[in-house]
Amino acid sequence: MAALARLFKPQFPSLLRRSLSTTTTTATVSEIQPQRQRPNSSILFPLTDDPKGSRNFQWVFLGCPGVGKGTYAGRLSSLLGVPHIATGDLVREELSSSGPLSHQLKEIVNQGKLVSDEIIFNLLSKRLEAGESKGESGFILDGFPRTIRQTEILDEATEIDLVINLKLREDVLIEKCLGRRICSDCGKSFNLASINAKAENGYPEITMAPLLPPPQCSSKLITRADDTEPVVRERLRIYKEQSEPVEDYYRKQGKLMEFDLPGGIPESWPKLLEALNLDDYGDKRSAAA
Ligand SMILES: Nc1ncnc2c1ncn2[C@@H]1O[C@H](COP(=O)(O)OP(=O)(O)O)[C@@H](O)[C@H]1O
């Protein structure tokens, strides 16, 4: 697969290896077993024992469109001090630029299709390069890898410690995507959907309060062009076809942590921290400082 990666972006695996494998904070993820929710996971964070040359967190977020990868990856990124790199954001930045790719990308993204591996590797390499020059280390990837090919190439390039697979029932995913809004001024994400999904087909009842914008953002809200119902359904179909095999890949490696979202952010965030054994991470970090 290294040869494949070199075919379209010669520096990709080496760039990843270089930028992600040589730094300070240690996050040793041990005994990751493939299983469903793990409220008492044994991921270890030896914050006081910081061997030289150890590297930062290298985590991946998987999950269907609308599940909240961006929200939780962003929160963990702030908590752990590692960059949150979302390939969807990289694609949208390129799309809104007047660069040569923008027209081609718009058509693909607005149909809910996947962008070619070559384009994704180029965007990701550029992002990693920029981060590397600012001294970034580690990452929380969101939206990558999304196909088995991308997964194998990433595997060649560097070692992933943990893969968090966020899960939510499909009717709620669709409602969430349709309620999603972004402030065109500050870039923050909100959600106008008020979700009250009854228990059915073995799924428990789920409620999620809307995440409303503050007054200064409410007149500047925009909707992503790919958050229309037919396109969301197509993205879900493609996720099942192309990205569910990625879940299996990491499940077989014993790196997958499944997390069923119990509700909105107020219910889910503390439970996620608990599942990651990070509930007192802030305290441990200040104690170790
Ligand atoms: N790893 C990737 N491989 C191919 N295409 C990607 C990748 N990441 C993002 N994209 C493109 O960007 C779009 C938006 O991505 P993202 O914001 O992650 O969407 P979602 O809400 O569906 O998870 C995708 O529908 C796809 O066209």
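Leaving out neighbours up to four places away in sequence, Val-60 contacts Leu-141, Phe-144, Pro-145, Leu-154, Ile-160, Leu-162, Val-163 and Ile-164. The model is a predicted one. Val-60 belongs to strand E1, which covers residues 58-62. Val-60 is buried, and its relative accessible area is 0%. His-84 follows Val-60 by 24 residues in sequence, and the two C-alpha atoms are 9.7 Å apart in space.

Two of the partners of Val-60, Phe-144 and Pro-145, are themselves joined by a cis peptide bond. Omega at this bond is about 0°. Pro-145 sits in the loop that runs between strand E3 (139-142) and helix H7 (148-157).

Ile-164, another partner of Val-60, has contacts of its own beyond four places in sequence. These are Trp-59, Val-60, Phe-61, Leu-62, Leu-76, Met-257, Leu-272 and Leu-276. Ile-164 is also prominent in the largest nonpolar core, which holds 63 residues. The members that touch the most other members are Trp-59, Leu-76, Leu-80, Ile-164, Tyr-250, Leu-272 and Leu-276. In soluble globular proteins, nonpolar side chains tend to be buried together.

The protein chain as a whole contains 12 helices and 10 strands. It has 289 residues, and 49% of them count as buried. Contacts between residues at least 6 apart in sequence were also considered; 75% of these join residues at least 24 apart. The accessible surface of the chain is about 13800 Å². Carbon and sulfur atoms account for 51% of that surface.

Helix packing was examined for H4 (residues 87-96) and H6 (residues 117-133). The axes of these two helices come within 10 Å and cross at roughly 95°. H4 and H6 are therefore roughly perpendicular to each other. On the H4 side, Thr-87, Leu-90, Val-91 and Glu-94 make the contact. On the H6 side, the contact is made by Ile-120, Leu-123, Leu-124, Lys-126 and Arg-127.

Leu-123 of H6 also serves as a reference point for Pro-65. The two residues are 58 apart in sequence, and their C-alpha atoms are 20 Å apart in space. Pro-65 lies in the loop between E1 and helix H3 (69-80). Pro-65 is buried, with 9% relative accessible area. Beyond four places in sequence, Pro-65 touches Leu-173, Cys-177, Arg-235, Leu-236 and Tyr-239.

Cys-177, a contact of Pro-65, was next considered for disulfide bonding. The count of disulfides is 0. A disulfide is a covalent bond between the sulfur atoms of two cysteines. The cut-off used is a sulfur pair within 2.5 Å. For Cys-177, the closest cysteine sulfur is in Cys-64, and at 9.2 Å it is too far for a bond. Cys-177 is buried, with a relative accessible area of 0%. For Cys-217, the closest cysteine sulfur is in Cys-183; the separation is 3.7 Å, again too far for a bond. Cys-217 is buried as well, with a relative accessible area of 5%.

Backbone geometry was then inspected in two loops. Asn-201 is not a glycine, yet it has a positive phi of about 50°. Asn-201 is placed in the loop between strand E7 (195-197) and strand E8 (206-208). Asn-201 is exposed, with 71% relative accessible area. Asn-277, also not a glycine, has a positive phi of about 60°. The loop that holds Asn-277 runs between helix H11 (265-275) and helix H12 (281-288). At 27% relative accessibility, Asn-277 counts as partly exposed.

Asp-280 lies in the loop between H11 and H12. Asp-280 counts as partly exposed, at 34% relative accessibility. Ala-130 is 150 residues from Asp-280 along the chain, and 32 Å separates their C-alpha atoms.

Technical notes. Residues numbered from 1 in each chain as written. Predicted model: local features only at pLDDT ≥ 70, side-chain atom pairs only at ≥ 80, totals over all residues. Heavy atoms only, no water. Core = buried A, V, L, I, M, F, W, Y, C linked by side-chain atoms within 4.5 Å. Buried < 20%, exposed > 50% of the residue type's maximum accessible area, 1.4 Å probe, protein only. Contact = heavy atoms within 4.5 Å. Helix = DSSP H or I, 4+ residues; strand = E, 2+ residues; numbered from the N terminus. Areas by Shrake-Rupley, 256 points an atom, 1.4 Å probe, with all protein chains shown as cover. Axes fitted to C-alpha atoms, helices over the stretch in contact; angles between N-to-C directions. Parallel < 35°, antiparallel > 145°, perpendicular 65-115°, else oblique.
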